[in-house]
Each structure stands twice: as structure tokens, then as C-alpha cells.
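Visitor: I am new to this structure and would like a close look at a single part of it, the sheet. Could you take me through how its strands are put together and what lies beside them?

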Amino acid sequence: MDVRALTVDQTFSDSDVNGDHVHHYRVNLDADKLKAELSKKGVIPDSKTSKFFDDFVKNGKYTMEVWVGTSDRLVRRVTLSFDAVTDASTLGGFTLGGTTPKTQATPQPVHVTAHAQLNYYGLQQVHREHTSADRLAVM
């Protein structure tokens, strides 16, 4: 995802995540920029998928927080809480390489909630090792 689709909504106090000092932000997603990017990549190929995206991303309520290393700007943690209502027949709208199921004549509303936390521990060490390897390759 293009980070230009994100804007900082709130800045929290710096903290530590797994021993790494981090900045903590709540971010907003620019749904129009994300939709344009996904359409360009073929993930949103038709109007049905576009409606699914609008129901979920544009009309849904979400909270996204990001923890970023203070010294290296690497992402250490991302959390996403999500709440939306959509027509169940559009849930297959994102093809992701599969086929789209047939739609039902009568809309079937479904309430979807989710919470995810992604932890990226050890990135600073991997980054240091990769940077050191790059320096050695140049010599």
C-alpha cells in the first residue's frame, strides 16, 4: 500500500515495543487514494467490487494505529479495528485470483467486525544486518 494514502490523525507519547523505542500514531486512510491504487493494480476490477470496497472502507468505521522506530523509522506494530455493514453477496467481490460468486437477488446485510495486531519484532536487527551486508558488498 502506498503510504501517501495514510495521514496522521493523532500523535501519542513515545513508548517501547519489544525493547525498541517508538513513535505511536493513529492514522487515517484516504479511501479514494487506496481505491485508485487497488483499481490500477486490478484488485477492484468491476462495479460490484467497487461497491464492496465503498461499503467496507469508505463507509465502515475503523481505527488504525502504527508504532514506528524512533531511530530507523521501521514499522514495529500495526493495529486495525474495523466495523462495517455490507451486502453479503458482495463479500466475494475481491477476486484475489479466484472467481466471484453469483449475487443473490435479495440483499443480505451482514455486520462485520475485526481486530488485528501485526507485530514486526526484530526488524531493527534485520535492518542492521542487511545494511552491514550492503556495505560489505560495496567493498
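**The sheet, strand by strand**

Guide: Strand 4 (residues 75–87) and strand 5 run antiparallel to one another and are joined over eleven bridges, where strands (E, at least two residues) and helices (H or I, at least four) are DSSP runs numbered from the N terminus, and two strands count as paired if DSSP finds at least two bridges between them. Within this pair, Arg-77 stands opposite Asn-119 of strand 5. The model is a predicted one, in which local features need pLDDT of at least 70 and side-chain atom pairs count only at pLDDT 80 or more, while totals for chains, interfaces and linings use all residues. Residues are numbered from 1 along each chain as its sequence is written, and side-chain values use heavy atoms, with hydrogens and water left out.

These two strands belong to an open sheet of five strands, which has the order 1-2-3-4-5 with antiparallel pairing. Its edges are strand 1 and strand 5 (109–119), each of which pairs on one side only. Neighbouring strands of the sheet are turned by 15° against each other on average, direction ignored, with axes taken as lines fitted to C-alpha atoms and angles running from 0 to 180 degrees between N-to-C directions. In general, strands of a sheet pair through backbone hydrogen bonds, either parallel or antiparallel.

At the other edge, strand 1 (residues 6–17) pairs with strand 2 (residues 20–29) in the antiparallel sense over nine bridges. The two form a hairpin with two residues between them, and Asn-18 in that turn has a positive phi of about 50°. Strand 2 also pairs with strand 3 (residues 61–69), again in the antiparallel sense, over six bridges. His-24 of strand 2 stands opposite Phe-12, and in strand 3 the bridge partner of His-24 is Trp-67.

From the N terminus on, the elements of the chain run β-β-α-α-β-β-β-α, and the whole comes to three helices and five strands. In helix 1 (residues 31–40), the buried residues, meaning those under 20% relative accessible area with a 1.4 Å probe and protein chains only, are Ala-31, Leu-34, Lys-35, Glu-37 and Leu-38. They lie on the same side of helix 1, because they cover an arc of only 165° around the axis, the arc being that of the directions from the helix axis to the C-beta atoms. Asp-30 caps the N-terminal end of this helix, with a side-chain oxygen 3.1 Å from the backbone nitrogen of Asp-32. After helix 1 comes Gly-42, whose phi is positive, near 85°.

Terms used
Buried means under 20% relative accessible area, exposed over 50%, partly exposed in between (1.4 Å probe, protein chains only). A polar contact is a pair of N or O atoms within 3.5 Å; within protein, one must be able to donate a hydrogen and the other to accept it, and residues adjacent in sequence count only if both atoms are side-chain atoms.
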